[in-house]
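User: I would like to learn how to read helices and a loop residue in a model. Can you take me through some cases?

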Amino acid sequence: MTSNLWTRAAFALSFAALVGTEAHAAAENPFFSASTLPYQAPRFDLIKDSDYAPAFERGMADHLREITAIANNKAAPTFENTIVAMEKSGRLLDRVQETFFGVYQANSDAELDKVESREAPRLSQHEDEVYLNERLFARVKAIYDARASLNLNAEQAQLLDVYYQQFVHAGAQLSKADKVKLRTINTKLANLESAYQQKLIAAAKNGALVVDSKEALAGLDDGTIASAQKDAESRKLSGKWVLPLQNTTQQPALENLSKRETRQALFDQSWNRAEKGDKNDTRSTIAELAQLRAQKAALFGYPSFAAYTLYDQMAKTPEAAENFMKQLVPAVAAEQKREAGVLQDAIHRDGENFTLKPWDWSRYAEQVRHQKYALNQDEVKPYFELKTVLTDGVFFAANQLYGVTFKQRTDIPVYNPDVMVFEVFDKDGSQLGLMYFDYFKRDTKSGGAWMSNFVGQSTLLGTKPVIYNVANFTKAAPGQPQLITSDDVTTMFHEFGHALHGLFASQTYPSISGTSVARDFVEFPSQFNENWALDPKVLSHYARHYKTGAPMPQELVAKIKKAARFNQGYALGEIVAAAELDMKWHALPASAPRQDVDKFEADALNSMGLDVANVPPRYRSSYFLHIWSNGYSAGYYAYLWTEMLDQDAFAWFTQHGGLTRENGQRFRDMILSKGHTMDYGPMFSAFYGKGPDIEPMLAHRGLTADSQK
């Protein structure tokens with residue numbers, strides 16, 4: 001294959017040039033051998049920005065040699081000499097990828113931007129080199145065709161099936177001409193996704209609201225105002241205050257800002273962050289991404305990218321995902337209409353005559369919440385000190401359910417001083433893994449919250465999980481307590497649910513270990529774990545006043561629980577709108593012209609049957625990082641789908657005694673430790689006793705007749 005030989009030559013020349021000019025640096029590159037730290041944790045005490053590019057280049061070159069040797073093996077293909085050999089290959093490349101992309105999203109800088117821009121298309125080309133290798137696929141196919149006679153165990157059979165489907169889905173069966181087209185598209189997509197992420201980080205930073213007077217921030221507490229002043233000083237904006245943007249449409253400060261013009265200015269900065277006609281405007285990038293993805297799907301005979309990408313999901317088809325979301329719309333739309341009326345009445349009671357707008361919703365919803373439930377978030381925050389929530393809440397719940405324990409490690413190097421590290425021990429005291437927690441917002445960090453691995457679990461490779469949780473909480477000013485919101489508490493439990501899924505991995509093979517599962521299953525353990533934040537036993541253990549240590553009063557606990565179902569038309573509606581927007585972008589056929597982003601988005605939102613004027617999508621097209629660069633294209637519905645799964649599972653727990661070690665062990669054994677060793681439908685049904693049921697989800701949200709009584 002001429003194109004293969006040309007690309008291999010390009011990699012070889014590139015790598016040779018790097019070695020020739022940076023021989024001394026290469027000899028000291030910390031990625032060139034496995035880390036000697038506990039659990040093979042990354043050597044952040046040694047790693048420099050300049051180490052990444054040489055490690056990527058050598059990693060790809062080494063991996064390509066290994067893959068070529070497997071493909072050209074003269075021995076008849078076997079599971080061991082082909083599938084297992086591929087599982088063992090690419091160790092250097094894995095080390096640098098897992099570390100780089102963890103640091104890049106959480107603590108980027110200009111040099112890392114350059115590395116990402118350079119390596120993203122090369123990694124895409126490298127993936128094509130593997131999956132479009134005809135000799136390698138011939139070996140995989142031969143083993144797959146003979147699978148019935150190979151006496152494989154269940155995990156081996158699943159791994160073989162995953163490999164075969166991945167090769168087919170990556171283009172192994174395409175014609176030579178279509179493989180050339182696919183390579184071109186994949187390279188363009190990688191470049192565009194990289195450019196999009198960099199534009200968005202810059203757009204979010206530049207989109208922060210800058211105000212000239214403290215009076216403009218009336219309504220915010222002293223700690224938030226002090227933080228805004230500190231953010232301004234860090235940007236060398238003397239005498240000003242800065243409210244940085246979080247990744248979502250709505251911003252936390254909108255709840256408390258009393259000056260309407262400031263609220264509108266902050267909302268507009270958020271809504272238009274990536275649509276300012278400057279170098280960070282993302283609209284042309286996403287229009288091209290959508291068109292290229294549709295063209296890629298067409299190469300495989302799929303009608304849309306959504307149909308192409310959902311092949312290995314639990315839902316299987318876009319139609320199944322759409323039908324699921326359509327079941328939510330009537331109840332959500334009715335609740336949005338009711339809530340908007342309540343908020344408009346609250347505006348009038350406040351002596352104002354303006355019509356409700358998106359920048360008013362959070363403020364007046366909080367007023368109604370306070371009036372209806374006598375609950376003010378400022379009452380709640382003193383009981384949520386971050387470290388206490390982590391150790392006495394998140395860790396405590398995990399101990400009660402699964403028997404695991406935690407010990408902070410201050411001897412493990414980190415990539416930023418804010419990062420905390422804990423070692424995790426299993427119920428029998430054995431070493432389970434290592435956890436990093438990076439909770440605070442930085443201009444160098446992507447928005448949102450996430451979990452991933454620096455090191456994955458695999459008994460084949462002899463590795464235990466090294467996992468990180470990242471969030472974007474507002475850091476307290478020096479000398480102030482690190483108090484967090486109830487939403488932040490939920491985020492901590494959510495991301496740690498992902499971590500448990502990774503920590504309890506017990507697979508032989510890395511490709512199907514831990515969280516290496518479908519998008520519409522991976523959020524199930526994380527969203528399930530959110531339920532324990534308000535469990536009476538857990539809440540009473542961590543919700544203590546940061547000054548006095550007094551437990552949260554029971555009347556305040558009761559208010560929180562009653563208020564939990566408040567504003568669900570908004571809370572669920574913004575997610576449904578975002579998921580539908582994602583699906584509509586990725587339902588475009590290859591024949592569709594490149595879209596006018598503003599018109600497409602407006603038409604899509606107006607067709608949903610939801611109150612998108614007052615309840616805009618959680619992410620607008622132009623700053624929807626999940627779907628344009630984070631692997632959730634045609635997959636944002638997964639947050640809703642897995643909420644259905646998590647509420648089904650929590651209903652099972654409730655019916656069987658709730659927070660007990662026995663229940664936790666069953667969930668660990670049947671869900672959290674399984675990875676992708678079997679199909680998701682049977683896995684879930686084995687635990688729940690039947691297929692997914694939407695009713696517990698609607699009841700949890702207060703959107704059924706019985707739940708509203």
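Analyst: Two helices and one loop residue follow. This is a predicted model, where local features need pLDDT of at least 70, side-chain atom pairs count only at pLDDT 80 or more, and totals for chains, interfaces and linings use all residues. Residues are numbered from 1 along each chain as its sequence is written, and side-chain values use heavy atoms, with hydrogens and water left out.

User: What span is expected for helix H25?

Analyst: Helices are DSSP runs (H or I, at least four residues), strands likewise (E, at least two), numbered from the N terminus. The expected span is 1.5 Å times one less than the number of residues. For the 18 residues of H25 (638-655) that gives 26 Å, and the end C-alpha atoms are 25 Å apart, which agrees. Just after H25, Gly657 has a positive phi of about 105 degrees.

User: How many residues of H25 are buried?

Analyst: Buried means under 20% relative accessible area (1.4 Å probe, protein chains only). In H25, 15 of the 18 residues qualify, so the helix is largely enclosed by the rest of the structure.

User: Which elements do the buried residues of H5 pack against?

Analyst: Packing is read from contacts, heavy atoms within 4.5 Å. Among the partners of H5 are helices H3, H6 and H9 and strand S5. Its buried residues include Leu92, Val96 and Phe100.

User: Is Thr248 buried or exposed?

Analyst: Thr248 is buried, at 3% relative accessible area. This residue sits in the loop between strand S2 and helix H11. A polar contact (N or O atoms within 3.5 Å, one able to donate a hydrogen, the other to accept it; sequence neighbours count only if both atoms are side-chain atoms) of 2.3 Å joins the side chains of Thr248 and Gln246.

Conventions:
Buried < 20%, exposed > 50% of the residue type's maximum accessible area, 1.4 Å probe, protein only.
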